[in-house]
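Got your viewer open? Keep the selection box handy, and we'll walk through two spots, one in each chain.

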Amino acid sequence: MTKSFGSRCEQIAAIVRKDFLIGLRRRATFAAMMMFALTAVASLSLSTGGSFVEPKILSAMLWVVIFFAASAGISGTFDDEAQACTLPTLKLYAAAQAILFGKMAGVLLSLIALTTFILPIFLILFDVAVENFFLLTTTLLAGLVGLSAAGTLTAALTTSATVKGGLFPILLFPVTLPIFLPAIALTEAAFTGAAFEASALVVIAAFDAILILASSILYDYL
Amino acid sequence: MIAFDDVTLSFGRRVLFDNVTLNLRGGRVIGITGANGAGKSTFLKLAGKILQPDSGSVTLPAYKTIAAVSPEMKIYDDLTATENLKFFSRLRGKALTAEKLFELGSRVGLDMKTFGDARAGTFSTGMRQRLKFAVLLSVDADIWLLDEPTANLDDDGREKIFSEVQAAKSGKIILLATNDKAEVEICDEVIRLPL
Amino acid sequence: MNKILILLTLAIIAAIIFLVPPIKGLGDLAKIIFFHVPTAWVSVIAFFASAFFAAKFLRTRDFSFDVLSARAASLGFVFVLLSTISGAIFSKLTWGAYWNWDPRQTTIFVLILIYGAYLTLRAAVSDEKVRAKVSAVYSLLSVLTVPFLVFILPRMYFSLHPSPVLNSAGRVDMDSTVLIVLIAAVVDATLIFIQLMRRDSS
């Protein structure tokens, strides 16, 4: 048991490292995700033209930007490998669960990178003074974990689709709604410094755990 | 021994395998031949449990590892030859030393000094095929699934791979799907799939 | 079975038109609630039925369960649309707006999104075996969100939904005829759903 767990972890680490190397060399996916986020934030900021935007709307906009940029960036998690015919090789040499969690970890890291890139730009362009930075970071991190879990399984589902245009966000959105709704409320509280419901954070964390567990169970049936 | 028990598989209305029961024994090279579309590659996938049958079962010996060379399984174009080898062997819990890398390269006729740090995407088809075979050798698996392993290879490459297969066959189960005469010749036993 | 069901449906429609007193201050059109509640009920039942058959398919790999799962989802999609439209009309009559993102409206909207996503996924995968697997997995993944939404949404959105008129708290207000007819309508809609599932699968 411990030996297989250790080798599982080694496989996960190898896959994350491999995807990171390929991501560095083939920057297109990553660049597209960042530029998508930048374009979305710029267009929102330009259209509001520096006028005051309510914190509630701001926090919703931030999550919408993250959701669609993430969709652009992670929908090809499995599909890129399927197109390159490397997915069957990977599936032969690595355990299914190691592939799932390796990909999930990679997706989480790229989403953290995305958020680290876009958040300061967002805060500066909309002139947001964050009152509770700790809450903001915790909420973003908790949200991204769930988004990675659901996103990775959804990316595995869409790989076999013959028509892919737009399919990924359509599938992902309803599944991640239980994360977005409390996350938007918490982000608003972080912007304004208002009192917040800690139970919302618990809801996100619980749903994260359920998504990770469900992805792990369901992936074996694919 | 790989045991097929009442295996049935169909694609749409086409029944490819209909209640197939057979045993594939180790220690020899078993050739799988048949016309295009007879299901040679599919047979290998069933044998390796890469594909599940519609009904019936395929049983592999416990704790046996599988490796394959197949046109449907490519290596990473964006990784170098060395990185590809290290990645796949690490997935199987094997750390490759520099000496081992050079040895693997020479066994398949790929000079790792010159090509080790080049991306696989820059390789010719034949060189990529040699690298795929090196990956197979590096993981030291118990079951080899070879789908047209020497297609695109020159005579030197063929000879090297044939001798590796011959040297490795005792103690392994080797399945070789092919219609190539030279590849069929190295098989100890041939299963011809009907269309 | 079919004939009995038609008779029952006709009897319920007659009861709604003639037997049920007009709802106070809302007019006759507000009787659309007798259509709205049963269809909403069936769309939720169909959603869980689809997930149930999806799980059975993944366990057994018996493709007839995939057919049932898909059928439940298609029927559920029709019912959820009917329910949403009738609900919006009732909402307009009662509160003056077709839509106001109250928790139950939001839930049903999410249900539309999930059904829509599921059916789009089925349409997008051409290989039968793969389609069955992939859509079963999605069905089970999406069913997980429902308990969370039921828990979260009422905290997030202010509710206009009528506990006073229809729910347990308002039992004093509700005529026993109304209650009986409403329950009969829900049972009838459920039977229609079961009948449609059975006929199409045979």
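Is strand E1 (residues 2-11) of chain B mostly covered or mostly uncovered? Select it and see: E1(B) is mostly covered, with 7 of its 10 residues buried. Keep in mind as you look around that this is a predicted model.

**Stop 1: the hairpin in chain B**

Add residues 14-24 of chain B to your selection. That is strand E2, which pairs with E1(B) in the antiparallel sense over 7 bridges. Together E1(B) and E2(B) form a hairpin, with 2 residues between the strands. Zoom in on the turn and pick Gly12(B), whose phi is positive, at about 60°. Next to look at is Phe11(B), which has Arg14(B) of E2(B) standing opposite. Move along the ladder to Leu9(B), and you'll find Phe17(B) of E2(B) across from it.

**Stop 2: the third strand**

Now select residues 55-59 of chain B, which make up strand E4. E4(B) runs antiparallel to E1(B), and 4 bridges join the two. For a landmark, click Ala3(B): its bridge partner in E4(B) is Thr59(B).

Show the three strands together and you have an open sheet in the order E2-E1-E4 (chain B), with antiparallel pairing. E2 and E4 of chain B are the edge strands; each has a single partner strand, so one side of each has no neighbour in the sheet. Turn the view to catch the twist: neighbouring strands are turned by 20° against each other on average, direction ignored.

Next, bring up residues 40-47 of chain B. This is helix H1, which packs on the sheet and touches E1, E2 and E4 of chain B. The direction of H1(B) makes about 130° with that of E1(B).

**Stop 3: a helix pair in chain A**

Switch to chain A and select helix H7 (residues 133-158) and helix H9 (residues 198-219). How do they sit against each other? Their axes come within 9 Å and cross at roughly 20°. H7(A) and H9(A) are therefore roughly parallel to each other, and their crossing is left-handed.

Show side chains to inspect the contact. On the H7(A) side, the residues include Ala142(A), Gly143(A), Gly146(A), Ala149(A), Ala150(A) and Leu153(A). From H9(A), look for Leu201(A), Ile204(A), Asp208(A), Leu211(A) and Tyr219(A), among others. Colour by residue class, and the contact comes out as 12 nonpolar, 5 polar and 1 charged residues.

Technical notes. Residues are numbered from 1 along each chain as its sequence is written. Chains are lettered from A and ligands numbered from 1 in the order in which they are written. This is a predicted model: local features need pLDDT of at least 70, side-chain atom pairs count only at pLDDT 80 or more; totals for chains, interfaces and linings use all residues. Side-chain values use heavy atoms; hydrogens and water are left out. Buried means under 20% relative accessible area, exposed over 50%, partly exposed in between (1.4 Å probe, protein chains only). Two strands pair if DSSP finds at least two bridges between them. Axes are lines fitted to C-alpha atoms, for helices over the stretch in contact, and angles run from 0 to 180 degrees between N-to-C directions. Contact means heavy atoms within 4.5 Å. Angles under 35 degrees count as roughly parallel, over 145 as roughly antiparallel, 65 to 115 as roughly perpendicular and the rest as oblique. A crossing is left-handed if the near helix is turned anticlockwise from the far one by less than a right angle, and right-handed if clockwise. Ala, Val, Leu, Ile, Met, Phe, Trp, Tyr, Cys and Pro count as nonpolar, Asp, Glu, Lys and Arg as charged, and the others, Gly among them, as polar.
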